[in-house]
Amino acid sequence: MGSASGMGPRVAGRHLFLTGYRGTGKTSVGRILAERLGRPLIDVDEWIVRRDGRTIAMIFADGGEAEFRELESRAIEEIAQQPAAVVALGGGSILRESNRRIIASGGFCVWLDASPETLGARIEADAATGDQRPSLSGRGVGEEVRQVMRDREPLYRAASDHRIDTGDRPIEEIVREILAVVGGEGG
């Protein structure tokens, strides 16, 4: 199963990408996975903010979603050239075909998913989310989550190698499942 370094065959020398809508746990799960696999965690949103010098909300205010998606694509291209890491993708990273190609060729992708109701509750409970990520539709949280997830579901499905429902599951259980799927330690 896992090699001597703890890297299973599915992620040996390759990135482990985590995709999914905001609130699915990409960063929280990614932090633990990175530690267990002895890799850095790269959060695409944090990468963009560090490189650009503006918050995501500022980028959306200045140049809209189009500018943000362009910065996101550039970030994914740069990250793909980095040594193998656990990469927490932005929820919309899968919208561009070029990003999906990079993800497919650069590593193994796990789609973290949950029901719209679970995600809506998590997003509403996280006060920082509104400051970090503006509404993409101008609708209420619950309605936006349902609509955006309906639109993105086929893209998440196409971009991912494995799907995990994160609703009502402890993070440790999710991490163990991912490690078992990729052949890492702790599976």
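## Two cores and the helices around them

The largest nonpolar core here has 30 residues, and Tyr21, Val44, Ile48, Ile79, Val87 and Leu89 are the ones with the most contacts inside it. Helix α3 gives the most to this core, with eight residues. Apart from it lies another core, this one of 18 residues. Keep in mind that this is a predicted model; the mean pLDDT of the chain is 87.

**Overall layout**

- The protein chain has eight helices and five strands, and going along the sequence they follow the pattern β-α-β-α-α-β-α-β-α-α-α-β-α.
- Of the 187 residues in the chain, 45% are buried.
- The chain exposes about 8800 Å², with carbon and sulfur atoms supplying 49% of that.
- Take the contacts between residues at least 6 apart in sequence: 76% of them join residues at least 24 apart.

**How confident the prediction is**

- A pLDDT of 70 or more is reached by 86% of the residues.
- Residues 1-6 are the stretch to be wary of: pLDDT is below 50 there, and beyond near neighbours in sequence the stretch has nine contacts in the model.

**The cores**

- In soluble globular proteins, nonpolar side chains tend to be buried together.
- The 30-residue core draws at least two residues from each of α2 (44-52), α3, α4, β4, α5 (116-125) and α7.
- Val87, one of the residues with the most contacts inside that core, touches His15, Leu16, Phe17, Leu18, Ile42, Val44 and Ile79 once its neighbours within four places in sequence are left aside.
- The other core, with 18 residues, includes Ala34, Ile164, Ile174 and Val181.

**Helix α8 (171-182)**

- At 1.5 Å a residue, the 12 residues of α8 should span 16 Å, and the end C-alpha atoms sit 17 Å apart, which agrees.
- Buried in α8 are Ile174, Val175, Ile178, Leu179, Val181 and Val182.
- Looking down the helix axis, these buried residues fall within an arc of 160 degrees, so they line one face of α8.
- An α-helix has 3.6 residues a turn, so residues three or four places apart point the same way.
- The cover over the buried residues of α8 includes β1 (15-19), α1 (26-37), β4 (107-113) and β5 (162-165).
- Two of the buried α8 residues, Ile174 and Val181, also turn up in the 18-residue core.
- Just after the helix, Gly183 takes a positive phi of about 80 degrees.

**Helix α4 (97-106)**

- Asn99, Arg100, Ile102 and Ile103 are the buried residues of α4.
- Down the axis of α4 these residues also fit within an arc of 160 degrees, so they line one face of the helix.
- On the face turned away from that buried side you'll find the exposed residues Arg101, Ala104 and Ser105.
- Elements covering the buried residues of α4 include β1, α3 (56-80), β4 and α7 (141-159).

**Arg14, just for a closer look**

- Arg14 is in the segment before β1, and it is partly exposed, with a relative accessible area of 28%.
- Arg14 and Gly106 are 92 residues apart in sequence, yet their C-alpha atoms are 6.0 Å apart in space.
- Besides Gly106, and leaving aside neighbours within four places in sequence, Arg14 is in contact with Arg39, Ala84, Ala104, Ser105, Gly107 and Phe108.
- Among these partners of Arg14, Ala104 and Ser105 belong to the exposed residues of α4.

Conventions. Residues are numbered from 1 along each chain as its sequence is written. Side-chain values use heavy atoms; hydrogens and water are left out. Helices (H or I, at least four residues) and strands (E, at least two) are DSSP runs, numbered from the N terminus. The expected span of a helix is 1.5 Å times one less than its number of residues. Buried means under 20% relative accessible area, exposed over 50%, partly exposed in between (1.4 Å probe, protein chains only). The arc is that of the directions from the helix axis to the C-beta atoms. Contact means heavy atoms within 4.5 Å. pLDDT is the predictor's confidence in each residue, from 0 to 100. A nonpolar core is a set of buried Ala, Val, Leu, Ile, Met, Phe, Trp, Tyr and Cys residues joined through side-chain atoms within 4.5 Å. Accessible areas come from the Shrake-Rupley method with a 1.4 Å probe; for residues, only the protein chains shown count as cover.
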